[in-house]
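Reader: I have just started learning to read protein structures, and I would like a close look at one part of this one. Could you take me through a single helix and then show me what lies around it?

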Amino acid sequence: MIRTFTALVIIFAAAAVFADPSAQRKDYEIERWEVSLDDAVRAYFRTPDFTALSFNSTKEFDNRIYSHLVTVAPDMAGKISVVRSKGSPERDLLFIDGKLFSLLERSGPVDSLRFKTLFVAMKDCYGLPQMTKESDYTVYTYKTEKTQALLQAKTVGDRYDVRVYLYAPSIFRRLFLEQ
């Protein structure tokens with residue numbers, strides 16, 4: 001009886017180790033954009049706890065996608081809602097007319113091992129990035145047909161402040177539809 005139980009544990013452990021990683025949803029893979037709040041929270045937050053953000057200006061919400069949208073099309077601000085996960089790393093989901101269009105994740109400061117793990121996870125989802133080095137940060141840009149992504153890393157001593165922006169390519173088409 002104990003041998004059978006031990007054998008089953010070993011078999012399940014081996015199956016977990018050798019399971020096809022593509023069968024599991026990757027941390028930064030967006031399966032579908034323009035889903036509802038409930039579906040997005042279930043799929044992209046690690047816990048169901050979140051806070052709905054309210055803001056009156058772009059300075060209150062530090063998200064470049066949001067800032068760009070409301071700068072180019074100010075009337076769009078009333079159609080945008082954002083929810084923030086509780087826990088770490090912090091994630092924001094941005095919705096337009098109740099549909100998911102962007103995910104922002106803030107991590108930091110993180111050590112070089114965590115940064116490397118995050119970089120590899122992004123590469124596994126989106127391929128090799130284009131790199132742009134600025135004075136105090138580096139931006140890695142990834143593009144696929146379904147998702148565009150930016151990994152922004154700012155060096156802070158021997159650590160990194162990291163932001164991951166994932167967004168639907170159709171988000172900017174919305175700007176033209178609104179006019």
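Author: Here is a walk that begins with the whole chain, settles on helix α4, and then moves out to its surroundings.

A word on the model first: it is predicted, so local features need pLDDT of at least 70 and side-chain atom pairs count only at pLDDT 80 or more, while totals for chains, interfaces and linings use all residues. Residues are numbered from 1 along each chain as its sequence is written, and side-chain values use heavy atoms, with hydrogens and water left out.

The protein chain has five helices and eight strands. Helices here are DSSP runs of H or I with at least four residues, strands are runs of E with at least two, and both are numbered from the N terminus. Along the sequence, the order is α-α-β-α-β-β-β-α-β-β-β-β-α. Of the 179 residues in the protein chain, 35% are buried. "Buried" means under 20% relative accessible area, "exposed" means over 50%, and "partly exposed" is in between, using a 1.4 Å probe and protein chains only.

Now to helix α4. This helix covers residues 112-126, which is 15 residues. From its first C-alpha to its last it reaches 21 Å, close to the 21 Å expected at 1.5 Å a residue. That expected span is 1.5 Å times one less than the number of residues in the helix.

Which residues of α4 are buried? They are Phe 115, Leu 118, Met 122, Cys 125 and Tyr 126. Seen down the axis of α4, these buried residues fall within an arc of 90 degrees, so they line one face of the helix. The arc is that of the directions from the helix axis to the C-beta atoms. A general rule helps here: an α-helix has 3.6 residues a turn, so residues three or four places apart point the same way. On the face turned away from the buried side, α4 carries the exposed residues Leu 113 and Lys 116.

What do the buried residues of α4 pack against? Their partners are β4, β6 (137-143), β7 (148-156) and β8. Contact means heavy atoms within 4.5 Å. Tyr 126 gives you a good example to follow by eye. Leaving aside neighbours within four places in sequence, Tyr 126 is in contact with Tyr 28, Glu 29, Ile 30, Tyr 142, Thr 144, Thr 147, Ala 149 and Leu 166.

Tyr 126 also belongs to the largest nonpolar core, which has 44 residues. A nonpolar core is a set of buried Ala, Val, Leu, Ile, Met, Phe, Trp, Tyr and Cys residues joined through side-chain atoms within 4.5 Å. The residues with the most contacts inside this core are Leu 69, Leu 93, Leu 94, Met 122, Tyr 126 and Leu 166.

Two of the residues that Tyr 126 touches, Thr 144 and Thr 147, are also touched by Pro 169. Pro 169 sits in the loop between β8 (159-167) and α5 (173-178), and is partly exposed at 23% relative accessibility.

Charged side chains come next. Side chains of opposite charge can pair when their charged atoms come close. A salt bridge is a side-chain nitrogen of Lys or Arg within 4 Å of a carboxyl oxygen of Asp or Glu, and a search of the whole structure finds nine of them. One of them is on α4 itself, where Asp 124 and Lys 123 meet at 3.7 Å, N to O. Asp 124 is partly exposed at 45% relative accessibility, and Lys 123 is partly exposed at 31%.

Compare that with the pair Arg 91 and Glu 105, whose side chains meet at 2.7 Å, N to O. Arg 91 lies in strand β3 (residues 90-96) and Glu 105 in strand β4 (residues 99-110), so the pair ties together parts that are 14 residues apart in sequence. Arg 91 is buried, with a relative accessible area of 3%, and Glu 105 is buried too, at 0%.

Between those two strands, β3 and β4, is a loop that holds Asp 97. Most residues other than glycine have a negative phi. Asp 97 is not a glycine, yet its phi is positive, at about 50 degrees. Asp 97 is partly exposed, with a relative accessible area of 43%.
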